[in-house]
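Subject: Structure for you to look at

Hello,

Please find the structure below. My notes follow it.

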Amino acid sequence: MPHYPRSFSLEQALPRDILHDCGADQLHVHPVKFANWMFSYEASGIPSICRYLSYLKIMHELAYAIAEIYDWRSPPGSHGKKEHLRHTGPVEMLFLANHLYALDSFEVAGNVLECGASHGYSTCVLSHACAQLKRKLFVADSFEGLPPTRKDQGFFVQGDYAASLESVSDNLTTLGRLDAVDFIKGFYADSLKGFRHPLCLLWLDVDLYESAQDVLSNVFHCLNPAGIIATHEFTDFHNHPYSIDEKCPPSAIFKMFESSGLNYRTIHLMRYFGMIAGDNSIQPDSGAFLPFLLNKLDTMDHRSRQFQELRQSNTVRTAFRIKNLLMPRQTRPSAPEEASAVDAMSAAELEIKKNNHL
Ligand SMILES: C[S@@+](CC[C@H](N)C(=O)[O-])C[C@H]1O[C@@H](n2cnc3c(N)ncnc32)[C@H](O)[C@@H]1O
């Protein structure tokens with residue numbers, strides 16, 4: 001379950017055009033009420049809301065569809081081991097896609113840099129968001145897995161999560177938007193030297209403190225002050241956020257803010273995932289509000305849709321009527337048989353409902 005801060009303001013969460021289209025009164029309601037209203041018939045007539053929910057819906061479907069395909073392709077026996085094909089999940093990716101939309105609405109300039117692709121699950125999902133919002137996605141990885149690790153990093157060993165550049169490109173060709181992506185191959189200490197592209201979102205999934213340090217020392221100056229940093233390994237295995245003294249990727253980020261004389265705020269969003277915002281970061285609460293929208297989007301997924309379509313569409317009923325009209329008189333079903341056909345349809349609906357726990 002996503003974790004969200006208890007109190008936050010919708011003014012610091014929503015895209016700018018929605019803030020503009022909604023009155024101050026509307027924004028001072030409970031987030032659940034506001035989220036429900038956004039899906040109402042009344043709100044569907046507001047273009048900014050319609051645009052935002054359409055983007056989220058498309059990203060939601062893509063993030064889950066790509067995850068399903070990755071899980072289905074996992075090599076047999078690899079489940080639960082480090083070689084399996086994805087290390088992040090759809091909700092984490094939706095936090096990033098959602099934040100990118102908010103940045104876009106405020107016209108925050110810059111590209112996206114992903115550090116840590118492995119087989120490219122997160123890359124595929126983010127590439128769709130970037131393509132939709134016309135941003136370039138830089139993807140930096142050794143494409144040989146983790147660099148040599150220290151003894152006290154027992155869980156991680158050199159070469160973990162290795163996937164070749166060719167296999168990540170193949171995955172992107174099938175499941176993502178290769179046209180939105182530029183690869184940067186090599187270990188960060190070298191490969192990111194001289195990186196000069198402006199960034200609005202830096203996303204780290206690099207596992208190791210030293211790797212995060214190498215990234216930040218080379219690219220932190222490229223981050224737009226209105227932008228944000230997101231990272232995996234935000235917490236330990238017991239869901240406790242890491243402190244600045246622990247040698248984990250978030251502490252490298254905290255230290256970079258501190259050594260640059262900048263304030264920062266940590267936002268734990270779910271399990272190992274969180275964001276670090278500076279004083280000037282735009283919409284740092286975007287992730288706090290998203291779970292309320294995800295609750296609604298989840299109920300619109302394909303399983304409930306299958307049921308809704310069957311129930312709402314007249315197609316099936318009309319087909320029965322046409323069939324009855326076209327049948328020769330003598331073989332037309334009698335009233336009780338018609339009734340049983342309708343009963344059979346209801347039974348089919350019930351079966352779908354039951355199978356999908358609706
Ligand atoms: C956990 S995986 C990334 C998982 C991916 N984001 C996903 O959604 O499946 C970590 C990646 O970081 C890369 N990595 C870690 N440290 C690195 C370094 N110093 N230089 C280059 N790549 C590094 C590894 O090669 C590996 O592909």
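**What I found**

Two helices, 7 (121–133) and 10 (209–219), each supply at least two residues of the shell around the ligand. Helices (H or I, at least four residues) and strands (E, at least two) are DSSP runs, numbered from the N terminus. The model is predicted: local features need pLDDT of at least 70, side-chain atom pairs count only at pLDDT 80 or more, and totals for chains, interfaces and linings use all residues. Residue numbers start from 1 along each chain as its sequence is written.

The ligand is surrounded by 23 residues (C-beta atom, placed from the backbone, within 6 Å of it). The closest are Gly116, Ser118, Ser122, Ser142 and Ser211.

Next, the sheet. It is open, with seven strands in the order 3-2-1-4-5-7-6 and mixed pairing. Strands pair if DSSP finds at least two bridges between them. Strand 3 (181–185) and strand 6 (264–270) are at the edges; each has a single partner strand, so one side of each lacks a neighbour in the sheet. Strand 6 runs antiparallel to strand 7 (residues 273–278), joined by six bridges. Thr266 stands opposite Ile276 in strand 7. Helix 11 (residues 249–259) packs on the sheet and touches strand 4 (199–204), strand 5 (223–231), strand 6 and strand 7. Contact means C-beta atoms, placed from the backbone, within 7 Å.

Val112 touches Leu100, Leu126, Cys130, Arg135, Leu137, Leu199, Cys200, Leu201 and Trp203, leaving out residues up to four places away in sequence.

Best wishes

Note on methods:
Two residues are in contact if their C-beta atoms, placed from the backbone, lie within 7 Å. Axes are lines fitted to C-alpha atoms, for helices over the stretch in contact, and angles run from 0 to 180 degrees between N-to-C directions.
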